[in-house]
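The exercises below ask the reader to work from the coordinates towards a reasoned description, one step at a time. Each task is followed by a solution that may be checked against the structure.

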Amino acid sequence: MSLNCSNCSSPLQLSQGANSICCAICHATTLAADSRSAPPPPALSHSSSGQDDHDHLPHHPSQVVPSPYNHAPPGPPPAVHGTKRAVICGVSYKNTKNELKGSINDVVCMKHLLVNRFNFPESSIIVLTEEETDPYRRPTKYNMRLALSWLVQGCQPGDSLVFHFSGHGSQQKDQNGDELDGYDETLCPTDFETQGMIVDDEINEIIVKPLSHGVKLHAIIDACHSGTVLDLPFLCRMDRSGKYVWEDHRPRSGEWKGTSGGEAISFSSCDDDQTSADTSALSKITSTGAMTYSFILAIERGHATTYGSMLNAMRSTIRDTSNELRGGIVTSLISMFLTGRTFSGEITQEPQLTANEPFDVYSKPFSL
């Protein structure tokens, strides 16, 4: 039986025969008779790559399948209808061959930026890293799904939502024919080798389609192959002179990949066929994701006027690293960190901008 918490309104799933349930967010006890019926959970698309077979459920219209998204991570309950909410996820894959050095720094810097520059309440930010002691705040596939579901839960006009991910991204063969290049883009949680990756179809289903009128979502994705990882319908193809056209990436099948009236905009680290750098070449002090660093630097240098100026500034930072940042110019956020590693290769990635609908990137003001 689906119902809402009588205290914080989080969706809950009551076991058959039970007459009460304890909320995993606020720990309040809800009696079955006290709560409003919760809306049915969103249907999610899953990859059929074989890595995620345990997620495939047969579709029976008359059968109610328990949702895996009924409980947000525990801890202090963020305001369900806070004006600003964020999920910040950094995956370092510690002690594995996939280890990244900059992901945790990216998370710390992004949270600092959101709180101090854009006035996001700390209580309305969920942070997922391997350094968290709470097991529900570690960036596993299950916890990432929970956090993303929480992000859009009960969204209302005026809400500003942010999803930041720093970690590995990948591609796998498209199984449902909605990709123009034949490949789905994916994000890799810390347990992706055993539980599978999170596919762009699923990300779109969880945090894009539910956005209602007046709600704004920004995704900042610092990962390889991340150009269209939200599966948004339009990609801003910009050349080095700043000229751009919006490419139509709507599936030929006609499947809807937009919002329910809200706004979704994504800054991603690189094009779908590119890789992104985890490097100390930009900050000269510590390892960071090149995209996260360039995003923060663009804001701190006053380029956050429009989306076009942001994208141009981010690309210039990465393209001109050896010249523009020679001498150790760093931001006040990055300079918090004292140790790092050296990156000796060439950074060739180009940050991308996608959206649920086209707009004039040089007149639309940037804001979070």
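A residue is called exposed when its relative accessible area is over 50%, buried when that value is under 20%, and partly exposed in between. The model to which these terms are applied here is a predicted one.

**Exercise 1. Establish how many helices and strands the chain has, and what percentage of its residues count as buried.**

Solution. Begin with the secondary structure, which comes to seven helices and 17 strands. Next, take the accessibility of the chain as a whole: of its 368 residues, 55% count as buried. Finally, turn to the contacts between residues at least 6 apart in sequence, of which 73% join residues at least 24 apart.

**Exercise 2. Determine which residues of helix 4 are buried, and which elements cover them.**

Solution. Helix 4 spans residues 200-208, and nine of its nine residues are buried. Reading along the helix, the buried residues are Asp 200, Asp 201, Glu 202, Ile 203, Asn 204, Glu 205, Ile 206, Ile 207 and Val 208. The next step is to look for what covers these residues, and the elements found include helix 2 (141-152) along with strand 7 (160-166), strand 9 (183-187), strand 10 (198-199), strand 11 (216-222) and strand 14 (263-268).

The packing against helix 2 can then be described in more detail, since the axes of helix 2 and helix 4 lie 8 Å apart, at an angle of about 35°. From helix 2, the residues Arg 145, Leu 148, Ser 149 and Val 152 take part, and they meet Glu 202, Ile 206 and Ile 207 of helix 4. Sorted by class, this contact has four nonpolar, one polar and two charged residues.

Tyr 142 also belongs to helix 2, and with a relative accessible area of 40% this tyrosine is partly exposed. Its C-alpha atom is separated by 8.8 Å from that of Pro 189, although the two residues are 47 apart along the chain.

**Exercise 3. Describe how helix 5 and helix 6 cross, and which residues meet.**

Solution. Start with the axes of helix 5 (residues 290-300) and helix 6 (residues 307-319), which come within 9 Å and cross at roughly 125°. Angles over 145 degrees count as roughly antiparallel and those from 65 to 115 as roughly perpendicular, whereas the rest beyond 35 degrees are oblique; helix 5 and helix 6 are therefore oblique to each other. The crossing is right-handed.

As for the residues involved, helix 5 contributes Ala 290, Met 291, Tyr 293, Ser 294, Phe 295, Leu 297, Ala 298 and Ile 299, while helix 6 contributes Met 310, Ala 313, Met 314, Thr 317 and Ile 318. By class, this contact has 11 nonpolar and two polar residues, with no charged ones.

**Exercise 4. Decide whether Ala 264 is buried or exposed, and find which residues it touches.**

Solution. First locate Ala 264, which lies in strand 14. Its relative accessibility is 0%, so this alanine counts as buried. Then list its contacts, leaving out residues up to four places away in sequence: Ala 264 touches Val 208, Leu 211, Leu 217, Leu 232, Thr 259, Thr 354, Ala 355 and Asn 356. Of these, Val 208 is one of the buried residues of helix 4. A C-alpha to C-alpha distance of 9.1 Å separates Ala 264 from Leu 230, 34 residues apart from it in sequence.

**Exercise 5. Asn 119 and Asp 231 each have a positive phi; find where each lies and whether it is buried or exposed.**

Solution. Recall that most residues other than glycine have a negative phi. Asn 119, though not a glycine, has a positive phi of about 60°, and its place is in the loop between helix 1 and strand 6 (125-128). With 58% relative accessibility, Asn 119 counts as exposed.

Asp 231 likewise has a positive phi of about 60° without being a glycine, and it lies in the loop between strand 11 and strand 12 (234-238). At 7% relative accessibility, however, Asp 231 counts as buried.

**Exercise 6. Find how many disulfides the structure has, and whether Cys 155 and Cys 188 are buried or exposed.**

Solution. A search of the whole structure finds zero disulfides. For the accessibility, Cys 155 stands at 14% and therefore counts as buried, and Cys 188, with a relative accessible area of 3%, is buried as well.

Terms used: Residues are numbered from 1 along each chain as its sequence is written. This is a predicted model: local features need pLDDT of at least 70, side-chain atom pairs count only at pLDDT 80 or more; totals for chains, interfaces and linings use all residues. Side-chain values use heavy atoms; hydrogens and water are left out. Buried means under 20% relative accessible area, exposed over 50%, partly exposed in between (1.4 Å probe, protein chains only). Helices (H or I, at least four residues) and strands (E, at least two) are DSSP runs, numbered from the N terminus. Contact means heavy atoms within 4.5 Å. Axes are lines fitted to C-alpha atoms, for helices over the stretch in contact, and angles run from 0 to 180 degrees between N-to-C directions. A crossing is left-handed if the near helix is turned anticlockwise from the far one by less than a right angle, and right-handed if clockwise. Ala, Val, Leu, Ile, Met, Phe, Trp, Tyr, Cys and Pro count as nonpolar, Asp, Glu, Lys and Arg as charged, and the others, Gly among them, as polar. A disulfide is a pair of cysteine sulfur atoms within 2.5 Å.
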